[in-house]
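Thanks for asking me to look this one over. My notes are below, with the ligand site taken up before the open pocket.

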Amino acid sequence: MVDRRAFLQLTGFAALGGVARSAFARDELIVQGASPQELATPLSWFDREITPTPVFFVRSHFGPPAFDAGRTLTIDGMVKQTLTLSRDDLRHFPEVTVTAFLQCAGSGRAFMSPRVPGVQWDHGAMGQATWTGVRLADVLAKAGVAPEAAHLRVMGADTSPKPSVPAFIRSIPLSRALDPTTLIAYRMNGEPLTLAHGAPLRLVVPGWAGDHWVKWLTSLRLQRDEAVGFYMQTAYRVPTTPVEPGSSVAPEAMRPGTTVPVKSVIAKPADGAHTAPGKQDVVGVALSGDAAIRSVEVSIDGGQTWQAATLEGEPGAGRWQVFRFSFAREAPGTVTVMCRATDASGNVQPQAARWNPSGYFWNAWHTVSWQVAG
Ligand SMILES: Nc1nc2c(c(=O)[nH]1)N[C@H]1C(S)=C(S)[C@@H](COP(=O)(O)O)O[C@H]1N2
Ligand SMILES: [Mo]
C-alpha cells in the first residue's frame, strides 16, 4: 500500500497548490486493474490539447522503483565511447520541447470483440503533454554510434517482482531513435517528471505506442540486432496481416506494434448525458502516429452522411488536435453521434477495429448517445 504522501508524489498532486489541488479529485483517475499501476484518465478530459499531469493515465508492469534524482543512464554497446549521464549532465545538450500524445497499445482493449485478456482499458490509456528534454540523437552522436549498430535496447530501473517474471526490455530501431522528435525527457507539462511518469529520465517516442516510452531510464545499448525478451518476442506484437477475430496467431506471424493508428474520440457530451434543446456541442480529440490529422467528420444520422468538424491547434504526426462540431436539435429524444478521423497519409479511422490476439490499437468510430430534454 502507498501512504497518502507517497500517492500524491506518485500522481503529481504534490506539485499542485492547495486551491489547484481541489480542482482534481484525488480519486479522479480510474483504477483499471489490480496490478501495480493501471490508472485511466476519464474520457471527459479529452476535450483539450493538454492533459493535466494529475489526471494523466499511469501504466507500468511492476510499479515504480524508488525515487532517485541522481540515477544515471549508461549508453554503451556499439559506441566509440561509453557515456554515463545523470539528469544534470544533460544540461550540456540543447533543450527541446515537443507536444505529443502518449497512448498505451492496449487503450480501448475493452471494446475488442471477442474479448481478449489483459487490462480492460477503455479510452483512458492515453493523454497528451509537452515533453522537455534532449534529443536522443544528440546523446547518441556524443557517444559515437558504430556503423554496424542498427537497434537500441532500452531498460529502466524497475524490476519484476520475482525472477520468473521477465524484465521490461524494449528495443527501438536506430532510425527511430535518431528521429529528431525522440527525446530523453525530464519535464512533463513544464514540471519535473513525477515518479509515476518516469522520473528522473524517460524516453519520449512521439507517434509510437506507450511501451516504447521507457520510464526510469538506466540503460541504452547500441547493438546489431533487435533486443530479445518476453516484451519484444511475445508481448506487444500485432499480426503482420489481418486475422479472423478470435483466432490464435503465432508470434512469428506477428511484428512489434509501433505506430499508433488514426483515431478520434468524443469527450463531450458524455454517453447517457442530458442536454438542453437547441445547440448541441460536440468536442473531442483526433490523433495519428503516422501523419498530421487532415479531417474529422461527424455523423448524426448513423453514418449515412458526414460533416466536417473544426480542428484546433497545431497539426503534426504524433500530436493530437481538438475537434469541435455543433448542430441544432430542438426535438426531445435520443441523439446519436459518431466521429471518424483521416490523417494526411490517407489513413481513415475504420468502422470496426482490426481485431488481434492482444487487443492492441482499438480505433473504431466512436459513438456517443445522449438525451435532449423535452
Ligand atoms: N520502465 C518502464 N517503462 C515503461 C513501462 C514499464 O512497465 N516499465 N510501461 C510502459 C507502458 S506499457 C506505457 S503505456 C507507458 C505509460 O506511461 P505513463 O505511465 O507515463 O502514462 O509507460 C511505458 N514505460
Ligand atoms: Mo502500454
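1. A term to start with: a polar contact here is a pair of N or O atoms within 3.5 Å. Please also keep in mind that this is a predicted model.

2. With that cut-off in hand, look at the backbone around ligand 1. A backbone N or O atom of Phe57 lies 2.8 Å from an oxygen atom of ligand 1, and a backbone N or O atom of Arg59 is 2.9 Å from an oxygen atom of the ligand. A side chain takes part too: a polar side-chain atom of His197 lies 2.7 Å from an oxygen atom of ligand 1. Because the cut-off for a polar contact is 3.5 Å, the pairs made by Phe57, Arg59 and His197 qualify.

3. How much of ligand 1 does the protein bury? Taken alone, the ligand exposes 540 Å², and the protein buries 100% of that area.

4. Now for the shell. There are 20 residues around ligand 1, and those that come nearest are His61, Asp158, His197, Arg202 and Lys215. His197 thus appears both in this nearest group and in the side-chain contact at 2.7 Å. By class, the shell has 11 nonpolar, 4 polar and 5 charged residues. Strand β3 (residues 58-60) gives the largest share of the shell, with 3 residues.

5. Where does ligand 1 sit in terms of the protein's empty space? The space that the ligand takes up is the largest cavity, and the count comes to 1 cavity of 30 Å³ or more. The largest cavity holds about 250 Å³ of space.

6. The cavity walls can be read alongside the ligand shell. The largest cavity has 18 lining residues, and nearest its centre lie Arg59, Ser60, Arg202, Gly210 and Lys215. Of these, Arg202 and Lys215 are also among the residues that come nearest ligand 1. The lining divides into 9 nonpolar, 4 polar and 5 charged residues. As for secondary structure, β3 supplies the largest share of this lining, 3 residues.

7. Finally, the open site, which you may want to view separately. The largest pocket has a volume of about 530 Å³. Its lining is made up of 22 residues, with Arg255, Thr259, Pro261, Arg354 and Phe361 closest to the centre of the pocket. Sorted by class, this lining has 10 nonpolar, 8 polar and 4 charged residues.

Notes:
Residues numbered from 1 in each chain as written. Chains lettered and ligands numbered in written order. Predicted model: local features only at pLDDT ≥ 70, side-chain atom pairs only at ≥ 80, totals over all residues. Heavy atoms only, no water. Near = heavy atom within 4 Å. Polar contact = N/O pair within 3.5 Å; in protein donor to acceptor, adjacent residues only side chain to side chain. Areas by Shrake-Rupley, 256 points an atom, 1.4 Å probe, with all protein chains shown as cover. 1 Å grid on protein atoms, 1.4 Å probe; cavity = no way out; pocket = protein on both sides within 12 Å on 5 of 7 lines; lining within 4 Å. Sits in = over half its atoms within 2 Å of the grid points. Helix = DSSP H or I, 4+ residues; strand = E, 2+ residues; numbered from the N terminus. Nonpolar A, V, L, I, M, F, W, Y, C, P; charged D, E, K, R; others polar. Points joined across faces, edges and corners; volume = space filled by probe spheres on them.
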